[in-house]
Amino acid sequence: MLDKNLFALPGARRMLGALCLLTLLKAAAVVGQAWTLATAVDLLRAGSALVDVAFSLAGLLICFMGRQAIAFFQDGMLERYAGDRVAELRVGLLRRVFAEGPLFVGAMGTGNTVALALEGAEQVDNYLRLVLPKIAGVVIVPLVLLAFAFPFDWVSGLIMLIVFPFIIFYMVLLGKTAKAEADKQHDEFNRLANHFVDTLRGIDTLKLFGRSAAQGQSVFAASERLRQATMKTLRTAILSGAVLDLFATFSVAAVAIMLGFRLVDGSIAFFPALLMLILVPEYFKPIREYASDYHASLDGKTALEALLKVAALSDELDAL
């Protein structure tokens, strides 16, 4: 789940710490939203004055605006951080190219080098913007909401506590399987990029010897292998994400059913039941978001690993 390569980037730990702090504030805003909304509904049900309800709705609005402001500030931080790190990785790759020249480009392949500098760097930028806040959200938000839920309804809190480790375990298994598929896709992409560039370079020679049609079939075969590898990666990631989302949905349904039964027999009051019903979807929301964006981050994870290897070797050359 947590990519160790992230901590090889300058300032990654500091950025993750800042994101955890912002996520903690966001979790507090989520709790405030749930509390004020449940209070407003409970007051309306009891026939309270509109002034009392207005105070609760004003608190709901403040919490909502605070949550959006935190998200806006977080996006700005991530945009600057990801842009700086991607620029550094590109510079490391280009320094290596200029230091070793044709030997390095020949070993990596021209197509692979160009793709890594352009598309690979953009994939890393997208990866950093996606994975860093998702990691902070998966760790911080459930802990805060679980600690808040237990004093009001220990039954719902127990269901939330039991289900969460199973989902995390499945996410670990998913990560290993999807990473293997993503590595295969990346290898096929590199082969196709190198093969295509070599074909363009030698197109005149191929035409001269009447081999252009055969070489075209070879490029088509390489593109088909990439298509198959890409579809396998997407199938693994998307289907696994759907299963995670299904787990979270069933967990929310289990809590809702238990609350309904206990409301009928009078073992729980209306306010804590409504409060739990509002909090439980927010409890599983970070996991669902992580699952929905996981397939989008696989290419970036592989590209980051490749760029870090190149940058590390570039630093070794400078040391010599």
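Leaving out neighbours up to four places away in sequence, Y283 is in contact with P142, L145, L146, M160, L161 and F164. Contact means heavy atoms within 4.5 Å. This is a predicted model: local features need pLDDT of at least 70, side-chain atom pairs count only at pLDDT 80 or more, and totals for chains, interfaces and linings use all residues. Residues are numbered from 1 along each chain as its sequence is written, and side-chain values use heavy atoms, with hydrogens and water left out.

**The cores**

Y283 belongs to the largest nonpolar core, which has 35 residues. A nonpolar core is a set of buried Ala, Val, Leu, Ile, Met, Phe, Trp, Tyr and Cys residues joined through side-chain atoms within 4.5 Å. Buried means under 20% relative accessible area, exposed means over 50%, and partly exposed lies in between (1.4 Å probe, protein chains only). The residues with the most contacts inside this core are L145, I167, L275, Y283 and F284. Two or more residues each come from α1, α4, α5 (154-201), α7 (212-265) and α8. Which helix gives the most? That is α8, with 12 residues. Another core lies apart from this one. It has 32 residues, among them L22, Y81, L93 and L307.

**The chain as a whole**

The chain has 8 helices and 0 strands. Helices (H or I, at least four residues) and strands (E, at least two) are DSSP runs, numbered from the N terminus. Of the 320 residues in the chain, 45% are buried. Take the contacts between residues at least 6 apart in sequence: 85% of them join residues at least 24 apart.

**Two helices, end to end**

The expected span of a helix is 1.5 Å times one less than its number of residues. For α1, 35 residues should span 51 Å, and the end C-alpha atoms are 50 Å apart, which agrees. For α2, 51 residues should span 75 Å, and the end C-alpha atoms are 75 Å apart, which agrees too. A glycine comes after each helix. G47 follows α1, with a positive phi near 75°. G101 comes just after α2, with a positive phi of about 65°.

**Residues where α1 and α2 touch**

Q33 is found in helix α1. Its relative accessibility is 15%, so Q33 counts as buried. Beyond four places in sequence, Q33 is in contact with L60, C63, F64 and R67. An α-helix has 3.6 residues a turn, so residues three or four places apart point the same way. S56 lies in helix α2. At 10% relative accessibility, S56 counts as buried. With residues up to four places away not counted, S56 touches T36, T39, A40 and L43.

**Far in sequence, brought together in space**

Three pairs show how residues far apart along the chain can meet. The distances run from C-alpha to C-alpha.

| Pair | Apart in sequence | Apart in space |
|---|---|---|
| T233 and K184 | 49 residues | 8.6 Å |
| I287 and P142 | 145 residues | 9.2 Å |
| F270 and V41 | 229 residues | 9.8 Å |

T233 lies in helix α7. T233 is buried, with a relative accessible area of 4%.

I287 is found in helix α8. Is I287 buried or exposed? At 0% relative accessibility, I287 counts as buried. Leaving aside neighbours within four places in sequence, I287 is in contact with V138, F164, I167 and M171.

F270 is also in helix α8. F270 is partly exposed, with a relative accessible area of 27%. Outside four places in sequence, F270 touches V41, D42, R45 and L263.

**The largest pocket**

About 370 Å³ of space lies in the largest pocket. Of the 15 residues that line it, the closest to its centre are K26, R67, Q74, K285 and E289. The search used a 1 Å grid over the protein atoms alone: a cavity is a set of points where a 1.4 Å probe fits but cannot get out, and a pocket is an open set with protein on both sides within 12 Å along at least five of seven lines. Lining residues have an atom within 4 Å of a point. Grid points are joined across faces, edges and corners, and a volume is the space filled by probe spheres set on the points.

Which elements give two or more residues to the lining of the largest pocket? They are α1 (12-46), α2 (50-100), α4 (110-149) and α8 (270-319). The lining divides into 5 nonpolar, 4 polar and 6 charged residues. Here Ala, Val, Leu, Ile, Met, Phe, Trp, Tyr, Cys and Pro count as nonpolar, Asp, Glu, Lys and Arg as charged, and the others, Gly among them, as polar.
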